[in-house]
Amino acid sequence: MAIRYWLGVAQRENVRRGVAMGIAQVSNGAREALESMRDSDGIVYYSPRSDFEGEPLKSFTAIGWVADDTVFQPAESPAGGYRPWRRRIEYDPGAVEAPIRPLLPLLDLTRGNPDWGYQLRRGLLEISRHDFEEIRRQMRRPSADDR
């Protein structure tokens, strides 16, 4: 099976929790969205805001790869009966946040599409390999040689 690439949408605060736990959770914990992903697929998170009531951020905040083919729920409910579905992710520990603005004319998702943000409401959508690689390049930390 070919590797696919995904764009998850979540506030930066939620993304950071997921990175710390090594998991992906999308679309309010819905199982169906996560079942589309497979082992070794790439995932990048876009965060429109810093947190639920926070300032606009409009940046890519994490990038990684699906670690296995298992969709799971936590053994215990962290929030009064709510048990979201999750995937294990191996996040790139060297990735840094990258604003979307410089990438707007480069990405298949956004180029020539003034309404590109509308599709983000789904919480998880498939993106092209080209877009994943462009975002990944933007999220790389500059090395000492680059400065």
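In this predicted model, the protein chain carries 22 positive and 22 negative side chains, and the centres of these two sets lie 1 Å apart. The chain exposes about 8600 Å², of which carbon and sulfur atoms supply 47%. Buried residues, for their part, account for 41% of the 147 residues.

The overall dimensions come next. The C-alpha trace spans about 45 × 35 × 30 Å along its principal axes. A compact globule of 147 residues would have a radius of gyration near 15 Å, and the protein chain agrees with this because its own value is 15 Å.

Three helices and seven strands make up the secondary structure of the protein chain. Followed along the sequence, they give the pattern β-α-β-α-β-β-β-β-β-α. Contacts between residues at least 6 apart in sequence were also examined, and 69% of them join residues at least 24 apart.

Helix H1 invites a closer look. Within this helix, which covers residues 12-21, Arg12, Val15 and Gly18 are buried. These residues lie on the same side of H1 because they cover an arc of only 120° around the axis. Arg16 and Ala20, on the other side of H1, are exposed. What do the buried residues of H1 pack against? Their partners are strand E2 (23-24), strand E3 (42-49), strand E4 (56-72) and strand E5 (86-91). Just after H1 comes Gly22, which takes a positive phi of about 70°.

Terms used
Residues numbered from 1 in each chain as written. Predicted model: local features only at pLDDT ≥ 70, side-chain atom pairs only at ≥ 80, totals over all residues. Heavy atoms only, no water. Buried < 20%, exposed > 50% of the residue type's maximum accessible area, 1.4 Å probe, protein only. Helix = DSSP H or I, 4+ residues; strand = E, 2+ residues; numbered from the N terminus. Arc of directions from axis to C-beta. Contact = heavy atoms within 4.5 Å. Rg over C-alpha atoms; globule rule 2.2 N^0.38 Å. Areas by Shrake-Rupley, 256 points an atom, 1.4 Å probe, with all protein chains shown as cover. Lys, Arg positive; Asp, Glu negative; His and termini not counted. Charge placed at Lys NZ, Arg CZ, Asp CG, Glu CD.
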